[in-house]
Structures are given as C-alpha cells and as structure tokens.
Amino acid sequence: MISFREMHPEDAAAVERIERASFAVPWSRRAFWEEAANERTLYLVAIAEGKIVGYAGAWIVLDEAQITNVAVAPEKRGQGVGRRLMKEMMARAKARGAVRMTLEVRPSNEAALTLYKSCGFEDYGRRPRYYQDNGEDAVIMWHMHL
Ligand SMILES: CC(C)(COP(=O)(O)OP(=O)(O)OC[C@H]1O[C@@H](n2cnc3c(N)ncnc32)[C@H](O)[C@@H]1OP(=O)(O)O)[C@@H](O)C(=O)NCCC(=O)NCCS
C-alpha cells in the first residue's frame, strides 16, 4: 500500500538518496529543506512499507502550479508510484487553488513524458538548451484544467 504526506525536514536524507539516483545534477538536502519549508510550495513523499519511495514538489503561485521535481526510487519504478504521486500532486494543488499545472521535461525522458501525457499534460513547446549539463532542450508541458 502507498500513502502520501507532506515532506518534512527529517525526510531530506531519504529524498536526497533518490534524487542522486535519478538526476544528473541533483539538488542538495539543504535545497529540499528550504523548498519544502516555503509556504508557497507543495512537497509530497510517497511511502510504501514505512519507506520513502518517491517524492514530488511544486510551487503554487496564485492559480498556477509549477512542478519542480518528481522522482521514484529506481527499484520501485514501473509499478504505478509515479502516476499516483502525480495524481496526488494535482489533487492537492487544486485544493490549494491551482487551476493549471506546468512542468519541464527532457525530450529524451520517455518514462516521464509517457507519465505526464497519461496524466493529461500536453506539449506546449520548447525551451532551447534549457538543461545545462548537456544543452538539451526542455519540453514545456501544461495541464490546463486540474
Ligand atoms: C519518471 C518517473 C517518475 C516515473 O515513475 P514510475 O513510478 O516509474 O511511473 P509509473 O509506473 O507510474 O508509470 C507511469 C507511466 O509511464 C510509463 N513508463 C514508466 N516507465 C517507463 C519507461 N522506462 N519507458 C516508457 N514508459 C514508461 C508507464 O508505462 C506508465 O504509462 P501507462 O500506464 O500508460 O503504461 C521515474 O521513472 C523516475 O523517477 N525517473 C527518474 C527521475 C525523472 O526523470 N523524473 C522526471 C523529471 S521531469
């Protein structure tokens, strides 16, 4: 069974482990702690059998939510955790007044693109050379009706 709750400062070590396993340019523990403590953000962790298996974050400014991070522990991928996490983010962002949600994703990240499309996000264009590590463009996606 999977449950979701807001991220707490004491989750930072577990979150950082997943972050390091997931991204070429990982965020630090301090960055997560600072973001999650900000009242304009929504940071959630997914918990299975008492362990953090994924997390996601967003800024919520007026009626727009902007996803900053989504990751699932490598050994838990492909089991629907990412989808449930996104649905939970969308529901909670909506409850806090967001009507739209946006995110950026690498065009090479097939798993993430598939996930977002299946959650109702659509491709709205590119930010050229957005990712500094390899100069890859970002696909800008929006969900216009949460
Ligand atoms: C992207 C990520 C969060 C998806 O999480 P997940 O728990 O594996 O996703 P789910 O099991 O819920 O699958 C969701 C959808 O994506 C698809 N998918 C999952 N892994 C895939 C893969 N490797 N290739 C293609 N599609 C994939 C699934 O088929 C599913 O779609 P479907 O139900 O229509 O078949 C996870 O792969 C991850 O943490 N990746 C590294 C970090 C990352 O890239 N984050 C996103 C940054 S924008």
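This is a walk through the model, from the sheet to the ligand and then out to a few loops.

Before you click anything, note that this is a predicted model: local features need pLDDT of at least 70, side-chain atom pairs count only at pLDDT 80 or more, and totals for chains, interfaces and linings use all residues. Residues are numbered from 1 along each chain as its sequence is written.

**Stop 1: the sheet**

Switch to cartoon and pick out the strands. Helices (H or I, at least four residues) and strands (E, at least two) are DSSP runs, numbered from the N terminus. You should find 7 strands in an open sheet with mixed pairing, in the order β1-β2-β3-β4-β5-β7-β6. Edge strands β1 and β6 (122-127) each pair on one side only. From one strand to the next, the twist averages 25 degrees. Two strands count as paired if DSSP finds at least two bridges between them.

**Stop 2: β3, β4 and β5**

Select 51-61, which is β3; its pairing with β4 is antiparallel, over 8 bridges. Look for Val61, whose bridge partner in β4 is Glu64.

Now add β5. Here β4 and β5 run parallel, with 3 bridges, and Ala65 has Met101 of β5 as its bridge partner. Put α3 on display too: β4, α3 and β5 make a right-handed β-α-β unit. Right-handed means that, with the strands pointing away from the viewer, the path from the first strand over the helix to the second runs clockwise.

Which side chains sit on the covered face of β5 (residues 100-105)? They are Met101, Leu103 and Val105, while Arg100, Thr102 and Glu104 make up the uncovered face. On to β7 (residues 138-143), which pairs with β5 in the antiparallel sense over 5 bridges. Thr102 has Trp142 in β7 as its bridge partner.

**Stop 3: helices across the sheet**

Show α1, which lies across β2 (41-48), β3 and β4 and runs at about 85 degrees to β3. Then go back to α3: this helix lies across β1, β2, β3, β4, β5 and β7, at about 35 degrees to β3. Angles run from 0 to 180 degrees between N-to-C directions, using axes that are lines fitted to C-alpha atoms, for helices over the stretch in contact. Contact means C-beta atoms, placed from the backbone, within 7 Å.

**Stop 4: the ligand**

Centre on the ligand and show its shell. Of the 19 residues around it, Ser22, Arg77, Gly82, Arg83 and Ala111 come nearest. The elements giving two or more residues to this shell are β4 (64-72), α3 (81-95) and α4 (110-118). Near means a C-beta atom, placed from the backbone, within 6 Å. Which helix gives the most to the shell? That's α4, with 6 residues. Colour by type and you get 8 nonpolar, 8 polar and 3 charged. Ala, Val, Leu, Ile, Met, Phe, Trp, Tyr, Cys and Pro count as nonpolar, Asp, Glu, Lys and Arg as charged, and the others, Gly among them, as polar.

**Stop 5: the loops**

Jump to Glu49, in the loop between β2 and β3. Not a glycine, Glu49 still has a positive phi of about 50 degrees. Is Glu49 buried or exposed? Glu49 is exposed, because 7 other C-beta atoms lie within 10 Å. The cut-offs, with C-beta atoms placed from the backbone, are 20 or more others within 10 Å for buried, 12 or fewer for exposed, and partly exposed in between.

Finish at Val25, in the loop between α1 and α2 (29-37). Draw a distance from its C-alpha to that of Tyr131: 9.5 Å, with the two residues 106 apart along the chain.

Notes: Contact = placed C-beta atoms within 7 Å.
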